[in-house]
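Subject: Structure handover

Hello,

Here is the structure I said I would pass on. My notes on what turned up in it follow below.

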Amino acid sequence: MNILSGKKVLLGITGGIAAYKTTYLTRLLVKAGVSVKVVMTPSAKDFVTPLTLSTLSKNPVLSTFTNEDDDNDMWNNHVDLGLWADLMIIAPCTANTMSKMVNGTVDNLLLAVYTSAKCPVYFAPAMDLDMYKHPSTTQNFEKLASYGNFMIPAGDGELASGLSGKGRMAEPEEIVSFIEQQLLKEQPLRGKKCLITAGPTHESIDPVRFIGNHSTGKMGMALATDLANRGVLVTLIMGPSSVKTDNVLIERINVISAQEMYEAVHANINNQDYAIFSAAVADYKPAIPAHQKIKKSSETLTLELVKNPDILASVGAMESHPFLVGFALETENEMEHAFAKAKKKNTDLLILNSMNDNGAGFGIDTNKITIIDNQGNAQEFPVKSKTLVAKDIVDEIVKRTS
Ligand code: C5P
């Protein structure tokens with residue numbers, strides 16, 4: 001699958017003759033599975049029509065803060081556009097726009113979007129050869145790079161002036177390939193595989209009741225999303241949870257009981273590079289679930305429970321297994337229990353969270369963890385969002401496996 005597939009790209013077009021090439025660039029991006037939205041400077045419309053670009057991108061093209069021709073005039077929110085995009089491409093990028101990008105001048109919608117965008121920005125300069133060589137241009141290239149923007153260098157060739165030299169905007173194929181290469185460099189885990197268990201398990205008492213716990217699956221989903229964003233193919237084995245999955249790299253297998261989770265794990269564990277067990281698996285299940293709803297006929301009710309298989313320990317006991325990460329949620333003697341658990345289950349890393357810590361536990365959006373390795377080292381982290389905790393855990397896995 002193309003690394004650009006599924007990405008949201010904002011294409012900013014400025015007023016240079018190379019703007020005509022953006023029709024083909026838009027086509028290439030759409031063909032690669034990208035959602036494209038186009039923002040043009042007013043002068044870019046002298047070179048290529050918004051109608052062509054809206055037809056090719058299948059989205060309205062914006063160039064002003066308000067749409068004057070529209071009776072139901074709305075403000076085009078540059079902040080929303082900047083937040084929507086996974087990346088922004090400014091092509092062609094004229095000397096004039098470059099200089100405004102350097103100085104923070106915001107006199108059109110494209111510059112407002114650029115200045116508020118949080119995503120990576122690529123710019124493909126296009127200008128005549130003497131403008132390209134001018135010291136101010138060279139300085140602007142350096143300044144923009146120092147702001148974290150990626151320059152897609154211009155090529156040599158015939159220019160609109162009739163002169164020949166450096167300043168031709170990179171061809172659309174080169175622009176796409178440049179971005180693909182950059183994205184690949186940023187994803188050293190691309191193509192790796194990870195199995196994750198997440199959420200609670202429900203153990204049937206009778207057809208309408210179960211034994212369960214308060215796990216929501218948020219931590220496991222945050223891990224799956226972080227890994228998928230780094231190009232990892234994730235097999236997410238999820239107990240009953242309302243948390244949604246919307247990443248093409250996450251294959252979700254829904255299970256209900258610990259036994260089902262055990263079977264799904266062992267059907268998928270081979271060829272995984274990493275396995276993370278974040279599920280809150282019920283330790284016990286009713287020995288014999290009733291076939292009919294249990295009636296409340298007596299004052300007390302005794303259920304006989306039997307042990308569920310320990311899924312993590314079963315993988316830890318395999319002769320060859322993926323890099324293994326377990327979780328331990330403790331309520332007392334946290335460190336002592338966690339070290340014992342890491343040893344017993346043979347984990348490479350054990351993520352300890354304590355119910356006694358504010359900001360850690362079930363259902364909330366934050367967690368506080370200590371990472372314990374198999375050499376007896378413990379590293380404590382502050383309270384963070386589950387998204388950032390997931391990033392810390394994956395960074396630690398990368399550090400120890402690369
Ligand atoms: O023993 P304890 O339940 O505290 O261990 C927690 C770790 O073991 C978690 O990683 C959890 O997902 C995993 N586990 C499991 N199967 C069980 C119980 C726990 O995989 N039956």
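A residue counts as exposed when its relative accessible area is over 50%, as buried when that area is under 20%, and as partly exposed in between. Lys-307 has 63% relative accessibility and is therefore exposed. Please keep in mind throughout that this is a predicted model.

Overall layout

The protein splits into domain 1, residues 8-185, and domain 2, which is made of 193-288 and 302-401. Between the C-alpha centres of domain 1 and domain 2 the distance is 43 Å.

Ligand site

The shell around the ligand includes Phe-277, Ala-279, Val-281 and Asp-283. Pro-309, Asp-310, Ile-311 and Leu-312 also belong to the shell, as do Gly-326, Phe-327, Lys-341 and Lys-345. By residue class, the shell holds seven nonpolar residues, one polar residue and four charged ones.

Among the polar approaches to the ligand, two involve the backbone. A polar backbone atom of Leu-312 is 2.9 Å from a ligand oxygen, and a polar backbone atom of Phe-327 is 2.8 Å from a ligand oxygen. From the side chain of Lys-341, a polar atom lies 2.4 Å from an oxygen atom of the ligand. On its own the ligand has 450 Å² of accessible area, and the protein covers 87% of that. Helix H11 (311-316), strand S16 (323-330) and helix H12 (334-345) are the elements that each supply two or more residues to the shell.

Two asparagines in the loops beside H12

Asn-333 sits in the loop between S16 and H12. Its phi is positive, about 40 degrees, although Asn-333 is not a glycine. With a relative accessible area of 46%, Asn-333 is partly exposed.

Asn-346 is in the loop between H12 and strand S17 (349-354). Here too phi is positive in a residue other than glycine, near 65 degrees. The relative accessible area of Asn-346 is 39%, so this residue is partly exposed.

Lys-307 and Gln-272

Lys-307, the exposed residue mentioned at the start, lies in strand S15 (residues 305-307). Beyond residues up to four places away in sequence, Lys-307 touches Asp-283 and Tyr-284. Asp-283 is also one of the residues around the ligand. Gln-375 is 68 residues from Lys-307 in sequence, and their C-alpha atoms are 30 Å apart.

Gln-272 belongs to the loop between helix H10 (258-268) and strand S13 (274-277). Its relative accessibility is 9%, so Gln-272 counts as buried. A polar atom of the Gln-272 side chain is 3.2 Å from the backbone nitrogen of Cys-194. Setting aside neighbours within four places in sequence, the contacts of Gln-272 are Lys-193, Cys-194, Leu-195, Thr-235 and Pro-322.

Helix H4 and its surroundings

Which residues of helix H4 (residues 95-103) are buried? They are Ala-95, Thr-97, Met-98, Lys-100, Met-101 and Val-102. The cover over these buried residues includes strand S3 (87-93), helix H5 (109-116) and strand S4 (121-125), along with helix H6 (129-133) and helix H7 (135-146). Just after H4, Gly-104 has a positive phi of about 80 degrees.

Thr-97, in helix H4, has 4% relative accessibility and so counts as buried. Apart from residues up to four places away in sequence, Thr-97 touches Thr-14, Thr-41, Leu-110 and Leu-111.

Leu-111 lies in helix H5, and its relative accessible area of 0% means that Leu-111 is buried. Leu-111 and Thr-97 are separated by 14 residues in sequence, while their C-alpha atoms are 7.8 Å apart. Outside its neighbours within four places in sequence, Leu-111 is in contact with Thr-97, Lys-100, Met-101, Thr-105 and Val-106. Of these, Thr-97, Lys-100 and Met-101 are among the buried residues of H4.

The peptide bond between Ala-91 and Pro-92 is cis, with omega about -10 degrees. Pro-92 lies in strand S3, and strand S3 is part of the cover over the buried residues of H4.

Regards

Methods:
Residues are numbered from 1 along each chain as its sequence is written. This is a predicted model: local features need pLDDT of at least 70, side-chain atom pairs count only at pLDDT 80 or more; totals for chains, interfaces and linings use all residues. Side-chain values use heavy atoms; hydrogens and water are left out. Domain bounds come from an automatic or database domain assignment. A residue is near a molecule or strand if one of its heavy atoms lies within 4 Å of it. A polar contact is a pair of N or O atoms within 3.5 Å; within protein, one must be able to donate a hydrogen and the other to accept it, and residues adjacent in sequence count only if both atoms are side-chain atoms. Accessible areas come from the Shrake-Rupley method with a 1.4 Å probe; for residues, only the protein chains shown count as cover. Helices (H or I, at least four residues) and strands (E, at least two) are DSSP runs, numbered from the N terminus. Ala, Val, Leu, Ile, Met, Phe, Trp, Tyr, Cys and Pro count as nonpolar, Asp, Glu, Lys and Arg as charged, and the others, Gly among them, as polar. Buried means under 20% relative accessible area, exposed over 50%, partly exposed in between (1.4 Å probe, protein chains only). Contact means heavy atoms within 4.5 Å.
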